[in-house]
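Colleague: Before I use this model for anything, I would like to go through the ligand site and a few residues with you, and hear the reasoning behind each label.

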Amino acid sequence: EKGTYPHYMLKEIDEQPLVIRKLIQKYQNENGELVIDEDIINAVKQADRLYIVAAGTSYHAGLVGAQMIEKLAKVPVEVHVASEFNYNMPILSEKPLFIFISQSGETADSRAVLVQVKELGHPALTVTNVQGSTLSREADYTLLLHAGPEIAVASTKAYTAQLGVLSILAAVLAEAKGHTLEFDLVQDLGIVANAMEVLCNAKEELEDIARKFLSTTRNCFFIGRTMDYYVGLEGALKLKEISYIQAEGFAGGELKHGTIALIEDGTPVIAISTQEQVDLSIRGNVKEVVARGANPCIISMKGLETEEDSFVVPTVNELLSPLVSVIPLQLISYYAALHRDCDVDKPRNLAKSVTVE
Ligand code: F6R
């Protein structure tokens, strides 16, 4: 039930701090350490390469998860769009393990890949919100999101829960492989949950940003580098699916290779900067679009902020930054859709789970 909330989407956005806290509990043992079923970790540990397969928002979570796993566990990870992988399977490594990320566990495109993977005899792990779903039943292993039912068509809390589970998988795998982590993931996820709460309390400010940048525009660009690029892809998907504003996410460095031709006077460009290593580069990209008339909205992380920024998210572990930087993007999309009188929870032409290929 959505209770006093006008929309499920807003309720589900607000649930995110709780979802992360619950997730930590679900994956903790009695000593407070993060654990994953031994069978799963052994299977993942044996793989020489991981293949993440997913669609839409879950694919965007996969892009971030791959970075977490590569950085912490030092295992190569490929991320694939399910509907493409199905027809264009790359040459696989000797010992691949497949990770299907799917909120519903029912996405037909992902299932079609799982069927092929099983025929080839490779191990598969499903990361899903729905116990007993098709992808969960047909894979060898399942990790649950524990996010509670997600009703709004636009995925929000499932995305952050997917990132949470993938970060736990990355950390537990890293330790199983003998790599010592330089941070305490339980503590850092707790900091994330607190930061999420702060962001969920910044609705008025984010509604103003939506009004200022998106109330009349026909299009909008999201730019970022590394982690921020992946979050930008998700921000663009959220915005287009519920507000029908044409939105695209780009890697900051790719702009000059074509997309910058689309920048006109007043075009909103939402730039995300949470990664110290690329902060200057992305700010350079902002200057390039501003010189062509863009209306820049910079969302940065505390510690990297400057006076020109429109919104600043609290500091968290850089590897976990997508869990927090996505929240202003979700809320900006929500308010942009609201201001345009769109049906937020049931956008046109879309279904909650896509059970056709
Ligand atoms: C976007 C959205 C979709 C889904 C995609 C995959 O907000 O919800 O892009 O992420 O259809 O769905 P699942 O995760 O159920 O496989």
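Colleague: Which residues are the closest to the ligand, and how many surround it?

Modeller: The model is a predicted one, and in it 14 residues surround the ligand, the closest being Ser58, Ser102, Ser104, Thr107 and Glu241. A residue is counted here if one of its heavy atoms lies within 4 Å of the ligand.

Colleague: What makes the pair formed by an oxygen atom of the ligand and the side chain of Ser102 a polar contact?

Modeller: The cut-off for a pair of N or O atoms is 3.5 Å, and an oxygen atom of the ligand is 2.6 Å from an N or O atom in the side chain of Ser102, so the pair qualifies as a polar contact. The backbone takes part as well: an oxygen atom of the ligand is 3.1 Å from a polar backbone atom of Thr57, and an oxygen atom of the ligand is 2.9 Å from a polar backbone atom of Ser155. Taken alone, the ligand exposes 410 Å², of which the protein buries 90%.

Colleague: Which pocket does the ligand take up, and which elements give two or more residues to the shell around the ligand?

Modeller: The ligand takes up the space of the largest pocket, and the elements giving two or more residues to the shell are helix 4 (56–73) and helix 11 (227–243). By residue class, the shell divides into 4 nonpolar, 8 polar and 2 charged residues.

Colleague: Why is Lys74 called exposed?

Modeller: Exposed means over 50% relative accessible area, and Lys74 has 55%, so the label applies. Lys74 is found in the loop between helix 4 and strand 2 (77–81), and its phi is near 60 degrees, a positive value in a residue other than glycine.

Colleague: What makes a positive phi worth a remark?

Modeller: Most residues other than glycine have a negative phi. His146 is another case, with a phi near 55 degrees, and its place is in the loop between strand 5 (141–144) and helix 8 (157–176).

Colleague: Why is His146 called partly exposed?

Modeller: Buried would require under 20% and exposed over 50%; because His146 has a relative accessible area of 23%, it is partly exposed.

Colleague: How do you know that Lys118 is partly exposed?

Modeller: Lys118, in helix 6 (residues 108–120), has a relative accessible area of 31%, and therefore is partly exposed by those limits. The C-alpha atoms of Lys118 and Ala139, 21 residues apart along the chain, are separated by 8.1 Å.

Note on methods: Residues are numbered from 1 along each chain as its sequence is written. This is a predicted model: local features need pLDDT of at least 70, side-chain atom pairs count only at pLDDT 80 or more; totals for chains, interfaces and linings use all residues. Side-chain values use heavy atoms; hydrogens and water are left out. A polar contact is a pair of N or O atoms within 3.5 Å; within protein, one must be able to donate a hydrogen and the other to accept it, and residues adjacent in sequence count only if both atoms are side-chain atoms. Accessible areas come from the Shrake-Rupley method with a 1.4 Å probe; for residues, only the protein chains shown count as cover. On a 1 Å grid over the protein atoms alone, a cavity is a set of points where a 1.4 Å probe fits but cannot get out, and a pocket is an open set with protein on both sides within 12 Å along at least five of seven lines; lining residues have an atom within 4 Å of a point. A molecule sits in a cavity or pocket if more than half of its atoms lie within 2 Å of its grid points. Helices (H or I, at least four residues) and strands (E, at least two) are DSSP runs, numbered from the N terminus. Ala, Val, Leu, Ile, Met, Phe, Trp, Tyr, Cys and Pro count as nonpolar, Asp, Glu, Lys and Arg as charged, and the others, Gly among them, as polar. Buried means under 20% relative accessible area, exposed over 50%, partly exposed in between (1.4 Å probe, protein chains only).
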